[in-house]
Amino acid sequence: MKKEAIFKKGLKELIETSSLEDITVVSLCDYVKSNRQTFYYHFRDLYDLLAAIMLREQINYPFSDLAFENMHDAIVKYINDNYRFLSEVKKSYAGDLIDNFIYSFIYDKLQQFYKLYPPKTVSKDYLLSMERCLSNVLSLEYSYHITALRKEGPQKIKKRLKRIWDYFTKTYLQTEL
């Protein structure tokens, strides 16, 4: 296993038992049995390591159908499967990495969706603007779901976010499926 992968895996494992704010480069190096020089050869700091982790993270999305429900279910499953890691990163100095990760996933799925179902009455610039806007709104809602300790039940959040999705797609993009 490459050193970068060892540090990534080690940090994710440490976060399962410690808060991110308690983890230092020294404690991570001790955990993975490496030295600080090796860490700093690959990463500038823990934020850089977290950015590298999030760059490689993927939400498993095996569906060919780009319906909102499938995208939502994939995001919620990813959040539930990685909750400790995501919540620790989200409440840290690196919380923006989670927002950007979820945003990118949603934006990618929206672009795929509108390639299949292009709205006929709006320009490409307007469509891009609406895709960015909807991606931003939904990603912030999922990020809040992570930081709010998942107080909102899965069906309630799905219903609420589906209303937001429908509002954007029907009101701003005049898309009817």
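**Exercise 1. Place Ser34 in this predicted model: which loop holds Ser34, is Ser34 buried or exposed, and what is Ser34 in contact with?**

Step 1. Start with the helices on either side: Ser34 sits in the loop that runs between helix H2 (25-32) and helix H3 (36-42).

Step 2. Now check the accessibility. Ser34 comes out at 16% relative accessibility, and the cut-off for buried is under 20%, so Ser34 counts as buried.

Step 3. Look for partners, skipping neighbours within four places in sequence: Ser34 is in contact with Lys3, Phe7 and Cys29.

Step 4. Follow up on one of those partners. Cys29 has 1% relative accessibility and therefore counts as buried too.

**Exercise 2. How many residues does the largest nonpolar core have, and which have the most contacts inside it?**

Step 1. Get the size: the largest nonpolar core has 55 residues.

Step 2. Pick out the residues with the most contacts inside this core, and you land on Leu28 and Tyr142.

Step 3. Ask where the core comes from. Helices that each supply at least two of its residues include H1 (3-17), H2, H4 (46-56) and H8 (124-147). The largest share, 9 residues, is from H7.

Step 4. Zoom in on Tyr142. Leaving out residues up to four places away in sequence, Tyr142 touches Phe68, His72, Ile75, Val76, Ile79, Ile102, Ile106 and Leu161.

**Exercise 3. How many disulfides are there, and how accessible is Cys133?**

Step 1. Recall that a disulfide is a covalent bond joining the sulfur atoms of two cysteines.

Step 2. Apply the cut-off, a pair of cysteine sulfur atoms within 2.5 Å: the count is 0 disulfides.

Step 3. Cys133 has a relative accessible area of 33%, so Cys133 is partly exposed.

Terms used
Residues numbered from 1 in each chain as written. Predicted model: local features only at pLDDT ≥ 70, side-chain atom pairs only at ≥ 80, totals over all residues. Heavy atoms only, no water. Helix = DSSP H or I, 4+ residues; strand = E, 2+ residues; numbered from the N terminus. Buried < 20%, exposed > 50% of the residue type's maximum accessible area, 1.4 Å probe, protein only. Contact = heavy atoms within 4.5 Å. Core = buried A, V, L, I, M, F, W, Y, C linked by side-chain atoms within 4.5 Å.
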